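Please find below some notes on this model, set out as numbered points for a colleague to read beside the coordinates. They go from the chain as a whole to single elements and residues.

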Amino acid sequence: MDQVEGARDLAQQLLAESIPRRWFHSQGVGRKAESIAALVRDDGPALVAASWLHDVGYSPDLIVTGMHQLDGARYLRDVARADDLVCRLVAHHSCAFIEARNRGLGDQLADEFAPVEGILSDAITYADMTTTPDGDPVDVERRLAEILDRYGPDHLVARSISEAGPLITQSVQRIKSALAKG
């Protein structure tokens, strides 16, 4: 079984029954990553695998800290024995460092999982933040607004996503520019 197929199967196992809407979202994010994987060349399979797995930390059986990026990456590292780059992408997707800091988990995130930077980080953010909760394509502004609406203005996730919004938008724009250049 290849890396991407294994990731898809694991995400389905962890999400499809317990939180089907997350599974729909993860399917859309995985498909989006597949469509842009050529931008990251040899890291394409890791990008696609991480995109399928990016939200497994929401699985009720995996919640430890309440921060899905960290809980998911720890599970992937410690239990699933996933590739280090895949774990790092899951841990840091969509500006997770901001939420980690706001939760008092910034040092744990940074100490356990080295950040991924550049186009690879932009690519997983693009795949996640241009996909609705139901797995459909959406522009980044609508996606950010949907997250804020879903959580409400006083929730830690909403505050974190508000702070991360400009960085997320820049990541999406860099991927759109790279795609336009062909």
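1. In this predicted model, 67% of the contacts in the protein chain between residues at least 6 apart in sequence join residues that are at least 24 apart. A single pair shows how sequence and space relate at another point: Gln-13 and Glu-141 are separated by 128 residues in sequence, and their C-alpha atoms lie 31 Å apart.

2. The secondary structure of the protein chain consists of 10 helices and zero strands, so that the order of elements from the N terminus reads α-α-α-α-α-α-α-α-α-α. The radius of gyration is 15 Å, close to the 16 Å that the globule rule gives for 182 residues, and the chain is therefore as compact as a globular protein of that length. The C-alpha trace spans about 40 × 35 × 30 Å along its principal axes.

3. As to surface and burial, 53% of the 182 residues of the protein chain count as buried, while the accessible surface comes to about 8600 Å², with 50% of it belonging to carbon and sulfur atoms. Among the side chains, 19 are positive and 28 are negative, and the centres of these two sets lie 4 Å apart.

4. The largest nonpolar core holds 57 residues, of which Leu-47, Leu-53, Val-56, Leu-76 and Ile-168 touch the most other members. For Leu-53, once residues up to four places away in sequence are set aside, the residues touched are Ala-7, Leu-10, Ala-11, Leu-76, Val-86 and Val-90.

5. Which helices help to cover the buried residues of α3? The cover includes α1, α2, α4, α5 and α8, the last of these running over residues 118-129. Because nine of the 10 residues of α3 are buried, this helix is largely enclosed by the rest of the structure. The buried residues are Gly-44, Ala-46, Leu-47, Val-48, Ala-49, Ala-50, Ser-51, Trp-52 and Leu-53, and Leu-47 and Leu-53 also appear among the core residues that touch the most other members.

6. Two arginines deserve a look at their backbone angles. Most residues other than glycine have a negative phi. Arg-41, however, has a positive phi near 50°, and its place is the loop between α2 (20-36) and α3 (44-53). Arg-81 likewise has a positive phi, of about 55°, although it is not a glycine, and it is found in the loop between α4 (68-78) and α5 (84-92). Arg-41 counts as exposed because its relative accessible area is 70%, above the 50% cut-off, and Arg-81 is exposed as well, with a relative accessibility of 64%.

7. Is Ser-160 buried or exposed? Ser-160 lies in helix α10, which covers residues 156-181, and its relative accessible area of 4% is under the 20% limit, so this serine counts as buried. Leaving aside its neighbours within four places in sequence, Ser-160 is in contact with Ile-98, Glu-99 and Asn-102.

8. Gln-13 offers a contrasting case within a helix, since Gln-13 belongs to α1 (residues 3-15) but is exposed, because its relative accessible area of 62% is over 50%.

Conventions. Residues numbered from 1 in each chain as written. Predicted model: local features only at pLDDT ≥ 70, side-chain atom pairs only at ≥ 80, totals over all residues. Heavy atoms only, no water. Core = buried A, V, L, I, M, F, W, Y, C linked by side-chain atoms within 4.5 Å. Buried < 20%, exposed > 50% of the residue type's maximum accessible area, 1.4 Å probe, protein only. Contact = heavy atoms within 4.5 Å. Helix = DSSP H or I, 4+ residues; strand = E, 2+ residues; numbered from the N terminus. Rg over C-alpha atoms; globule rule 2.2 N^0.38 Å. Areas by Shrake-Rupley, 256 points an atom, 1.4 Å probe, with all protein chains shown as cover. Lys, Arg positive; Asp, Glu negative; His and termini not counted. Charge placed at Lys NZ, Arg CZ, Asp CG, Glu CD.
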